Amino acid sequence: MKKRYLNFLFLIIYTTILVGCTDNTNENIYNLETEKYAIYTSNIIESNPTEMNNYVHYERNINIQFPQIYYSNEYSGYDIDLETQINKILFDISIENNDSFLVGRDTREITEYYSDYTITKYDENIFSIKYYGHLYSISHAREFCYGVTIDANTGEMNQISDFISVDGELIKNIENGSITYDSHPMYEKDFVIEAASKFIEGYDTLENKTNIFFIDENTVYLIIPVSYGNSNYIILDIPL
């Protein structure tokens, strides 16, 4: 069912697709280079009047920004399959994490889909990306935030347990203030502690342990959803 609606959305998008690496609609145009690879911005843009049920007219605006990686031909470990694998992950994440929003909805009702990203860490061995944006339909709205951290040598996505332990110590550190947080909307500390406790209790059975965090040089940012569709969320700032 999910794939049916996702494929339908792809069909809609690609009827008027514009893909490029230098489109200046993205404020975060990246041209980051290491000796091993470079990261650039690509996008899918659609803006056109749409008719539904022969009488409802509205403007559809889709602007999905996603990064793509290109390995240097001079890099001794250059592997086109590795590059393709990583780029597929980076593109799929920009779309598929919103798949649950589409289930049971007529995707012709999607009026605005905006997704952007920030590269929070990159070096020869690893890079990490924060995705954020919103998805609107005629009758529903969703704001989202998620992340991905990828091993630049293998193309594998890291889990948060590769960097920190997800256990009761996090709760203690929130209580004593050594772990700070941000949230959408802003929640009181007691609510954050309760939400984090429920998340930790269910962590072992969590299917997706790869898109719930991003990192920078000194911090792991754990994203905890607190409502259906991740419209409300908490980000714990956990020192490495």
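Student: What makes strand β9 (residues 219-225) mostly covered?

Tutor: In this predicted model, six of the seven residues of β9 are buried. Buried means under 20% relative accessible area.

Student: How do you know that strand β8 (residues 213-215) and β9 pair?

Tutor: Two strands pair if DSSP finds at least two bridges between them. Three bridges join β8 to β9, so the pairing condition is met. The two strands run antiparallel, and a hairpin of three residues joins them. Phe 214 has Tyr 221 in β9 as its bridge partner.

Student: What makes β9 and strand β10 (residues 233-239) a pair?

Tutor: The requirement is at least two bridges, and β9 and β10 have seven, in the antiparallel sense. Val 220, for instance, has Ile 238 in β10 as its bridge partner.

Student: Why is Ser 128 called buried?

Tutor: Ser 128 lies in strand β5 (residues 126-137). Its relative accessible area is 0%. The cut-off for buried is under 20%, therefore Ser 128 is buried.

Student: What makes the approach of the Ser 128 side chain to the backbone nitrogen of Ile 215 a polar contact?

Tutor: The side chain of Ser 128 reaches that nitrogen of Ile 215 at 2.9 Å. A polar contact takes a pair of N or O atoms within 3.5 Å, so the distance of 2.9 Å satisfies the cut-off.

Student: Which residues is Ser 128 in contact with, leaving aside its neighbours within four places in sequence?

Tutor: Among them are Thr 118, Ile 119, Val 148, Phe 214 and Ile 215. Contact means heavy atoms within 4.5 Å.

Key. Residues numbered from 1 in each chain as written. Predicted model: local features only at pLDDT ≥ 70, side-chain atom pairs only at ≥ 80, totals over all residues. Heavy atoms only, no water. Buried < 20%, exposed > 50% of the residue type's maximum accessible area, 1.4 Å probe, protein only. Helix = DSSP H or I, 4+ residues; strand = E, 2+ residues; numbered from the N terminus. Polar contact = N/O pair within 3.5 Å; in protein donor to acceptor, adjacent residues only side chain to side chain.
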